[in-house]
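Here is a quick walk through the model, from overall confidence down to single rings. Have the structure open as you read.

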Amino acid sequence: MDYLLSGLIQAFELLFKGDPETYSAVKTTVLASSLSVAASMVIGSPLGFCLGYARFPGRRSVRVVVDTLLSLPTVVIGLLCYAFMSHRGPLGHLGLLFTIPGMAVGQTILGLPIVVAMTATAVENLDDRLKQTILTLGADPRQLLLTSLWEARFALALAGAAAYGRIVSEVGISMMVGGNIKWHTRTITTAIALETGKGQFAMGIALGLILLALALMVNVAMSGLKRLSE
Amino acid sequence: MSETLYHLEKVTQVYGHRTVLDVESLHIEARSITGVIGPNGSGKSTLMRILAFLEKPASGRVSFQDQPFTKVTLEQRRQVTMLNQEPYLLKRSVKGNISYGLKIRGISDTSRPVDRALSKVGLAPDKFLQRSWRELSGGEAQRVALAARLVLKPKVLLLDEPTASVDRESSELILRAALDARDQWGTTLIIISHQLTWLRQIADRILSMDYGRLSPVH
Ligand SMILES: Nc1ncnc2c1ncn2[C@@H]1O[C@H](COP(=O)(O)OP(=O)(O)OP(=O)(O)O)[C@@H](O)[C@H]1O
Ligand SMILES: [Mg+2]
């Protein structure tokens with residue numbers, strides 16, 4: 001067990017000395033996940049609003065599909081993105097493969113169902129009087145959408161935090177679409193996978209600690225938001 | 001010369017298989033004050049929601065300013081506002097709640113009208129403007145909700161039991177505010193209340209709703 005302990009000590013050294021390789025992976029993770037959470041929110045919250053708000057035939061089926069997509073495996077998303085982004089694929093000319101934007105596209109697909117499902121639930125739970133109040137004060141359809149989303153803002157932030165938690169900890173998409181390129185697309189999770197495979201525990205542990213800290217922050221934020229959204 | 005704002009003919013509303021509203025004929029004159037009484041569940045609020053364009057009737061003809069229900073424009077809808085039976089405030093400050101209707105109409109200079117509307121319902125602006133929606137009692141919330149309607153200087157003001165959760169003094173204030181609205185802006189009022197004596201002080205005519213049907217009260 002010695003190697004674990006010495007790994008831990010070295011891990012703290014890496015963290016406190018600001019090891020550039022370690023922090024490069026952190027930077028990539030934060031960059032890619034921020035991009036993809038932002039995209040998931042921008043695309044997902046209006047969709048979730050429509051799904052939770054509108055009454056149209058087939059709405060229940062759409063809900064089932066979205067709920068199923070919640071458990072879409074990251075390797076399947078990775079596979080799909082790879083197929084589309086490789087130079088033989090239909091999106092090959094965009095040159096997204098092995099880039100941070102490319103990873104963000106895949107992670108957006110991962111985060112989207114979370115945001116859509118949670119927004120839809122939040123909107124369904126909005127008070128019926130809210131809609132009547134907004135309309136009777138003179139809102140047009142666009143203002144109704146925006147004000148309803150704003151009224152559900154804490155629940156929306158909760159959706160964003162949940163999506164962030166899932167995205168920041170995924171490996172499959174980062175590995176397959178990003179390619180785990182050092183100094184470039186290597187993320188916390190792909191670095192841990194690689195370093196552990198090489199028997200280099202120190203950096204793995206250091207990055208694991210950062211990941212845990214991120215997860216803790218997300219959870220603290222979520223519990224605060226839950227209280228506010230009630 | 002009197003102008004008829006609303007024409008309703010054979011208007012019904014159906015929830016599930018139950019007909020909850022069945023109005024033979026109703027005409028609302030501009031600048032009139034109509035009182036509506038009736039037992040719980042008789043369809044009063046349902047009628048109000050139709051007059052406020054918040055729900056479509058199941059059958060019958062409703063027109064507003066000679067425009068059929070489905071053709072009513074946003075501009076026309078904006079002349080009509082309703083105070084819900086259970087008042088609901090947006091999750092923002094008192095000021096944010098009252099200025100909301102002005103802001104979505106593109107009016108940015110809201111502070112004077114908001115102050116005035118708040119004073120009208122008997123709440124001191126310096127004490128209440130910055131309060132958040134959670135820091136209000138039931139009666140205060142109801143009066144803030146009313147101020148949010150008054151600030152719009154509506155052509156039609158629909159009040160669904162405005163005095164249900166306020167004290168005597170406040171129901172006097174609400175009475176005053178309603179009459180002022182009519183006198184100053186020519187507002188047409190339709191008011192639901194269970195307090196017949198209160199209603200008699202203000203309404204030009206009183207209608208009684210029973211099992212979804214309207215009849216005049218003398
Ligand atoms: N959204 C709805 N879905 C189904 N039924 C409804 C709905 N809203 C109202 N009802 C029913 O319609 C009938 C009329 O309701 P409404 O709220 O218009 O009565 P009301 O006269 O305003 O009663 P109260 O004095 O209690 O406010 C009631 O029997 C009620 O149960
Ligand atoms: Mg009612």
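## Helix 7 of chain B

The expected span of a helix is 1.5 Å times one less than its number of residues. Helices here are DSSP runs of H or I with at least four residues, strands are E runs of at least two, and both are numbered from the N terminus. Helix 7 of chain B, residues 168-185, has 18 residues and should therefore span 26 Å; its end C-alpha atoms are 26 Å apart, which agrees. Right after helix 7 of chain B comes B:Gly186, with a positive phi near 70 degrees.

Which residues of helix 7 of chain B are buried? They are B:Ser170, B:Ser171, B:Ile174, B:Leu175, B:Ala177, B:Ala178, B:Leu179, B:Ala181 and B:Arg182. Buried means under 20% relative accessible area, exposed means over 50%, and partly exposed is in between, with a 1.4 Å probe and protein chains only. These buried residues pack against strand 3 (33-37), helix 4 (111-120), helix 6 (138-150), strand 8 (188-192) and helix 8 (196-202) of chain B. B:Arg182 counts as buried at 17% relative accessibility. Leaving out neighbours within four places in sequence, B:Arg182 is in contact (heavy atoms within 4.5 Å) with B:Arg31, B:Ser32, B:Ile33, B:Thr187, B:Leu189 and B:Asp204.

## How far to trust it

This is a predicted model: local features need pLDDT of at least 70 and side-chain atom pairs count only at pLDDT 80 or more, while totals for chains, interfaces and linings use all residues. Residues are numbered from 1 along each chain as its sequence is written, chains are lettered from A and ligands numbered from 1 in the order in which they are written, and side-chain values use heavy atoms, with hydrogens and water left out.

The predictor gives the complex an ipTM of 0.93 and a pTM of 0.79. For chain B the mean pLDDT (the predictor's confidence in each residue, from 0 to 100) is 93, and 99% of its residues reach 70 or more.

## Chain A at a glance

Chain A has eleven helices and zero strands. Its C-alpha trace spans about 65 × 45 × 25 Å along the principal axes. Of its 230 residues, 49% count as buried. Take the contacts in chain A between residues at least 6 apart in sequence: 75% of them join residues at least 24 apart.

Helix 6 of chain A (residues 128-136) has A:Leu130, A:Gln132, A:Thr133, A:Ile134, A:Leu135 and A:Thr136 buried. What do they pack against? In chain A it is helix 7 (141-151), and in chain B it is helix 1 (44-51), helix 2 (74-77), strand 6 (80-83), helix 3 (94-103) and helix 6. Just after helix 6 of chain A, A:Gly138 takes a positive phi of about 105 degrees.

## The nonpolar cores

A nonpolar core is a set of buried Ala, Val, Leu, Ile, Met, Phe, Trp, Tyr and Cys residues joined through side-chain atoms within 4.5 Å. The largest one has 78 residues, of which B:Tyr6, B:Ile98, B:Leu118 and B:Leu158 touch the most other members. Helix 6 of chain B gives the most to this core, with seven residues. Apart from it lies another core of 35 residues, including A:Leu158, A:Ala161, A:Ile167 and A:Ile205.

A:Ile167 sits in helix 8 (residues 153-168) of chain A and is buried, with a relative accessible area of 1%. Not counting neighbours within four places in sequence, A:Ile167 is in contact with A:Ser33, A:Ser36, A:Val37, A:Ser40, A:Gln107, A:Leu110 and A:Gly111.

## Rings

Rings of Phe, Tyr and Trp (its six-membered ring) pair if their centres lie within 6.5 Å; planes under 30 degrees apart count as stacked, over 60 as edge-to-face and the rest as tilted. Over all chains the structure holds eight aromatic pairs. A:Tyr82 and A:Phe98 make an edge-to-face one, 6.3 Å centre to centre with 70 degrees between the planes. A:Tyr82 is in helix 4 (residues 74-85) of chain A, and A:Phe98 is in the loop between helix 4 and helix 5 (100-124), 16 residues apart. A:Tyr82 is partly exposed at 36% relative accessible area, and A:Phe98 is partly exposed at 33%.

The rings of B:Tyr6 and B:Phe64 have centres 5.0 Å apart and planes at 50 degrees, so this pair is tilted. B:Tyr6 lies in strand 1 (residues 4-15) of chain B and B:Phe64 in strand 4 (residues 59-64), so the pair ties together parts 58 residues apart in sequence. Both B:Tyr6 and B:Phe64 are buried, and they form one aromatic cluster with B:Phe53 and B:Phe69.
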